[in-house]
Amino acid sequence: MPSRVTPSSYLRNVLQNGVGRYVCQLQRVTLSFCKSTNPSRGARDFIENHLLEFTRNNPGVVIYLDPKRHHSPKLCVEYLNGRTETMSIDRYPAEDICQWLDHFRTRSGVQINRLRKNWHTDTPSIQGTWTPATNRPTSWNVTEFPCQEISRRLPDKETATERILSAAKALREGSPTNAAIGKETEL
Amino acid sequence: MGSITAGIYSKYPEYCKLPKGDSSSETTIAELETIFGRFGIPVEVFVRDVLERRLQCLGFVLYGDQNGFVKCTEGELKYHLNLKFRDFSSQTGYEFHQYDKHCAQFECLCRNYDSEIYSFGKRLGEEFNENLLRTAFVDRSDVESADSNEELASTGSKLAVTYIKAYLRHAYPGLPEEGISTITEHLMSDQVLSYVASNLGVPDLIKAENWPFSEEVIANSFKAVIGALAESQNVSRAELFVQDLVLTQLIGRDLFELWDIVNPVGLIQSIFNKQGRGELEPRLLWEAGSDTVVSSYMVGFYENKKLIGKGFGESVPIAEEMAARDALRNVFGLKLNRPALPFGKEGRNLNLDLTKLNASMAQISSSPQQQLN
C-alpha cells in the first residue's frame, strides 16, 4: 500500500508527560487465561512466577486476572487516554509475556501510526513567518543599489592572507608575537 | 418494562425481558431463578434503580442473603457500567448486536474500585488518604453517597488559583495583574482541567448521576483531588502537583492568545504616557506587493528614533496593530525568545512569594479602559 493512503500522524506527547513528572500511561491490564489447557501454559507460568514482581514494581497499573475455561489467553491493556489494545498471547512463553507487558507499560498509549517525521515541534519557526522584510535593515530603504559597502564580503574570521600579512608585519617590527604563533598552530 | 441481563463474565450473556405490565418482584425472582438454575448462584448481582426499589420492597435482600450473593448498590453498578458499556447500560438489551461487537471490551468490564483508587495515587506518585480520595470522586449529584467533593473542590480550587498566580507572577514579573488573572482563569477553566483529568483516568472513578459526565463534573473532581492531596500530605506537595500537571498546559501556548488585548495601539500609547516617556510614532518600515493579494507591510513603533517593536500584516492598520502587540510583548517581558517556564528540577525550589502582586493595568497605563473594553 502506498504510504500516501496509510494513516499517518505527527509525533506527540500525551499531556506534556515527563516535563513536570512522568506518569505511566498504562492504566490497567486484564489477563484472561484458561486454568487447564495448554495454550495458556505460559500465561499461568507468568502469573505464578512474574506477576507479583510486575505489580510490585508498577503499583500504578491495575491487573485483573480473568480465568476462562477453554479460551485462548489474551492480554487486554488500557491506557489513560482511553485507548484499549488487545493481544493474543496464545502459546506464548512467560518470558515473552513479560517483554510484551513491558512494551505496553512503556508506551504512551497513542495509536501507532506511520510518522510523517521523526520529530515534531509546536513552534516550527522561532523568527516567525517569513516576510520580504525579514532580517532586512531599514537603512536599505534609502540606499542606492548597487552599493559597494553592502556588497562587501563579510568574512567571519581572519583570512589566511590577512593572517600571513599580520605575521609578516609583526616580523618586520621585531620578534613574532605570541598571538601570531598561537594562530599559526591553530592552522 | 423491566429486563434482566446475566452473565457479566461470560461471552454470551442471558437477557430476558419481563412481561409488560407484570414486572412484580415475584416475576423477577422467578426469572432470576431460571437463570441461576442454568449458571449457578452468582457472586454479585447488579440492580438498577427501578428494579431495586421493587425488589427491596419484597425482600430481595433477604433472597440474596439466603442464596449467598452480594447485591451491588446503584453507585457501584453505575461505576461498572460507566466504564465501557455505557450504551448498553442505558438501553439494556436493545443494543445486543452492538454489545456482541464489543465483546472483547466487555470482557475487560469488571473492575475493582478499591484497586483502581489505590493505583490512581500510586500512578501520580502521591500518597493519598484513601477516604479523602474516595470523597474527591463523589459528585454532589450522586444520591448513593452521603458526602460529596464540594468542600475538597473548593479547597483545591483556592489552593491552585493562589499557586498558579504566584508562579506566573514569578515567571512574568512584567505582566499586569489582569493578564495573570486571565491566564489563571484559562488554566482553571473546566475545559482545561477536564482535559487534564481525563488523561489521568479521573472520569473512570467518578461517581455521579449522568453519563457522559460534563466537563464541570470532571473538573470539579480534579480540583477535589488537589484538595485531597493538600489534606493528605501538605500544601506544597499539592502545589507541585498543580505545577506538574496543570501549569505544563501553558507549554507551546502564546499568552497573547489567551489574553486578548482589544486595543493594543491605544494601550501601548497610554503606558508610555503614564511613564512620561516620549510620544510613540508608528512608521512604515517596508512594503511589498502593495497592489497584489499577497501584499505585506511592516510597521515599526519608534520612541525618540528608537525602535520599540515591529510587526507586519497585509494592510497598514493590521501591521500597526501587530507592531503594537510586539511592543507590548517587549514591555511586559513576553518576548518570543524568553526562557522556558521552570518545570521539573528547575521548578522544585522556586520560593514563591504568595503575597506579592504585579502592577495592575491602572498602575501602568493612563487609561486602562482602552484595553478593557
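This short talk covers the contact between chain A and chain B, and then a sheet in chain B.

Hi everyone! Please keep in mind that we are looking at a predicted model.

Let's start where the two chains meet. Chain B brings 41 residues to the contact, and chain A brings 37 residues. Together they bury about 3400 Å², with carbon and sulfur atoms giving 56% of that area.

How many salt bridges are there between chain B and chain A? The count is four. For one of them, find Arg28(A) and Glu116(B): their side chains form a salt bridge, with N to O at 2.7 Å. There are also 11 residue pairs in polar contact between the chains, where both residues have pLDDT 80 or more.

Which part of chain B gives the most to the side that touches chain A? That is helix 8, with six residues. Other elements supply at least two residues each, including helix 4 (74-84), strand 5 (280-288) and strand 6 (296-303) of chain B. By type, this side of chain B has 20 nonpolar, 10 polar and 11 charged residues.

Now for the sheet. In chain B, three strands make an open, antiparallel sheet in the order 5-6-7. Strands 5 and 7 are at the edges with a single partner strand each, so each has one side without a neighbour in the sheet. On average, neighbouring strands are turned by 20° against each other, direction ignored.

Strands 5 and 6 of chain B pair over eight bridges, and you can spot Glu281(B) opposite Tyr302(B) in strand 6. Helix 16 (residues 264-274) of chain B packs on this sheet and touches strands 5, 6 and 7. Helix 17 (residues 316-332) of chain B lies across strands 5, 6 and 7 too, at about 135° to strand 7.

Thanks for listening!

Methods
Residues are numbered from 1 along each chain as its sequence is written. Chains are lettered from A and ligands numbered from 1 in the order in which they are written. This is a predicted model: local features need pLDDT of at least 70, side-chain atom pairs count only at pLDDT 80 or more; totals for chains, interfaces and linings use all residues. Side-chain values use heavy atoms; hydrogens and water are left out. Contact means heavy atoms within 4.5 Å. Buried area is the accessible area (1.4 Å probe) that two parts lose on being put together, summed over both. A polar contact is a pair of N or O atoms within 3.5 Å; within protein, one must be able to donate a hydrogen and the other to accept it, and residues adjacent in sequence count only if both atoms are side-chain atoms. Helices (H or I, at least four residues) and strands (E, at least two) are DSSP runs, numbered from the N terminus. Ala, Val, Leu, Ile, Met, Phe, Trp, Tyr, Cys and Pro count as nonpolar, Asp, Glu, Lys and Arg as charged, and the others, Gly among them, as polar. Two strands pair if DSSP finds at least two bridges between them. Axes are lines fitted to C-alpha atoms, for helices over the stretch in contact, and angles run from 0 to 180 degrees between N-to-C directions.
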